[in-house]
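Student: I would like to learn how to read strands, sheets and packed helices in a model, taking one feature at a time.

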Amino acid sequence: ELWTGTQVPGFAQAGAATALGVTPDKVTVNNHLIGGGFGRRLEVDGVVKAVRIAAKVDGPVKVIWSREEDIRQQLYRPLYHEHLKARLENGRITAWHHRVTGGSVMAHWLPPAFKDGIDADAVDGAAEVPYAVGDRLVEFIRHESAVPVAFWRGVGPNGSIFAIECFMDLMARKTGVDPLAFRRGLLEKNARALGVLNLVADKAGWGTPAPSLPSGARRGRGIALMNAFGSFLAAIADVAVTDEGDVSVTRLVIAADVGKVINPNILEAQIQGGATFGLSAVLFGKITFAEGAVEQGNFNDYRIIRIDEMPVIEVHVVPSSENSGGIGEPGTVVTQPAVANAVYAATGVQLTRMPIDRALIAKGA
């Protein structure tokens, strides 16, 4: 008999049964209020380890991982390489190629969903871009590494939309067009995407100077658009970048069209919570390996954003009668490219990786 918090009680039951060599009907799962799973608790390795220990002990067993064990025994979100090419003609995109290369979560988590060599999650956000891009080719190349991969809040669109939205800014600046105007020109046939983009631009004051800062740090404003999970979100971030390359996000404005809204307070809280995940990821979320082992172990060397570093997060909702979309993950996804594009505006450095590499944007780098 198990007491645990899991996103997949059936998987926990099956995993425990396999570990014990019994049929699943011999295993009872008492599922707690999860308190936060975010994809990690779609895996049941912790349950299986606890069951294997309990099988050797006479009496109840409670297993708790230390934070160091938890961080170092994680299954991490995939390291994707996103390669994009486009043909631009008279300010329009007439051809588009997006290749995603990396490990497949679906292949190990739900093998029947990995069909014809395509991981649908890995290309989510890439397969259906909101923009008019002409002739289109989207590919997935499976390339596994020794690092185990799993879902993480925002899943596949974390990579694909970060790449697409940073690429949009790069094309806009290469052609001398404002990033907002460039996007608008590609959204004439996508009213919902254009709606959130226009709303966030209005609420954030796009086109006006970012607020000056007493420190004299370089300042920038960045924009990003997201269409995934059945929802449309747009974000604008204001950042300050010091001479040493440290980045502070001073304001984050998000507009959302998620279809019919049942509980506006939960909607706002989910967007703010997701955005906080995204801020931690784009600013600090780095895992490194040495001699086959994870080097990070606690919050001193695996940073998350702290309360005194949090920007104001404004959420604006587009009234809609469309079917309700998801909202637990979009805030995480749209925040990361908005911050990266703001850093680009502040420094002139095109970032192509997460988290932000301070050495690249330090003054004089």
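The dialogue below goes through the two sheets, two residues and a helix pair.

Tutor: Before we begin, note that this is a predicted model, in which local features need pLDDT of at least 70 and side-chain atom pairs count only at pLDDT 80 or more, while totals for chains, interfaces and linings use all residues. Residues are numbered from 1 along each chain as its sequence is written, and side-chain values use heavy atoms, with hydrogens and water left out.

Student: How many strands form the open sheet in the order 3-4-5, and which of them stand at the edges?

Tutor: In general, strands of a sheet pair through backbone hydrogen bonds, either parallel or antiparallel. Here strands are DSSP runs of E with at least two residues, helices are runs of H or I with at least four, both numbered from the N terminus, and two strands pair if DSSP finds at least two bridges between them. Three strands make up this open sheet, with mixed pairing. Strand 3 and strand 5 (135–142) are at the edges, and because each has a single partner strand, one side of each is left without a neighbour in the sheet. From one strand to the next, the twist averages 10 degrees.

Student: How do strand 3 and strand 4 run, and what joins them?

Tutor: Strand 3 (residues 81–89) and strand 4 (residues 92–102) run antiparallel and are joined by nine bridges; Glu82, for instance, has Val100 in strand 4 as its bridge partner. The two strands form a hairpin with two residues between them, and Asn90 in the turn has a positive phi of about 55 degrees.

Student: Which helix packs on that sheet, and is Phe167 buried or exposed?

Tutor: Helix 5 packs there, touching strand 3 and strand 4, and its direction makes about 35 degrees with that of strand 3 (axes are lines fitted to C-alpha atoms, for helices over the stretch in contact, and angles run from 0 to 180 degrees between N-to-C directions). Phe167 is found in helix 5 (residues 157–174), and because its relative accessibility is 15%, Phe167 counts as buried (under 20% relative accessible area; exposed is over 50% and partly exposed in between, with a 1.4 Å probe and protein chains only). Leaving aside neighbours within four places in sequence, Phe167 is in contact (heavy atoms within 4.5 Å) with Leu84, Lys85, Ala86 and Trp96. Phe167 and Ala86 are 81 residues apart in sequence, yet 9.4 Å apart in space, C-alpha to C-alpha.

Student: What is the strand order in the open sheet of four strands?

Tutor: The order is 6-7-8-11, again with mixed pairing. Strand 6 (218–228) and strand 11 (312–317) stand at the edges, each with a single partner strand, so one side of each lacks a neighbour in the sheet. Strand 6 and strand 7 pair in the antiparallel sense over 11 bridges, and Ile223 stands opposite Ile236 in strand 7.

Student: Where is Ser231 found, and what does its side chain reach?

Tutor: Ser231 is found in strand 7 (residues 231–241), and its side chain reaches the backbone oxygen of Gly326 at 2.6 Å.

Student: How are helix 8 and helix 9 packed?

Tutor: Two packed helices are described by the angle between their axes and the distance between the axes. Helix 8 (residues 264–284) and helix 9 (residues 330–347) pack at an angle of about 45 degrees, with axes 7 Å apart.

Technical notes:
Polar contact = N/O pair within 3.5 Å; in protein donor to acceptor, adjacent residues only side chain to side chain.
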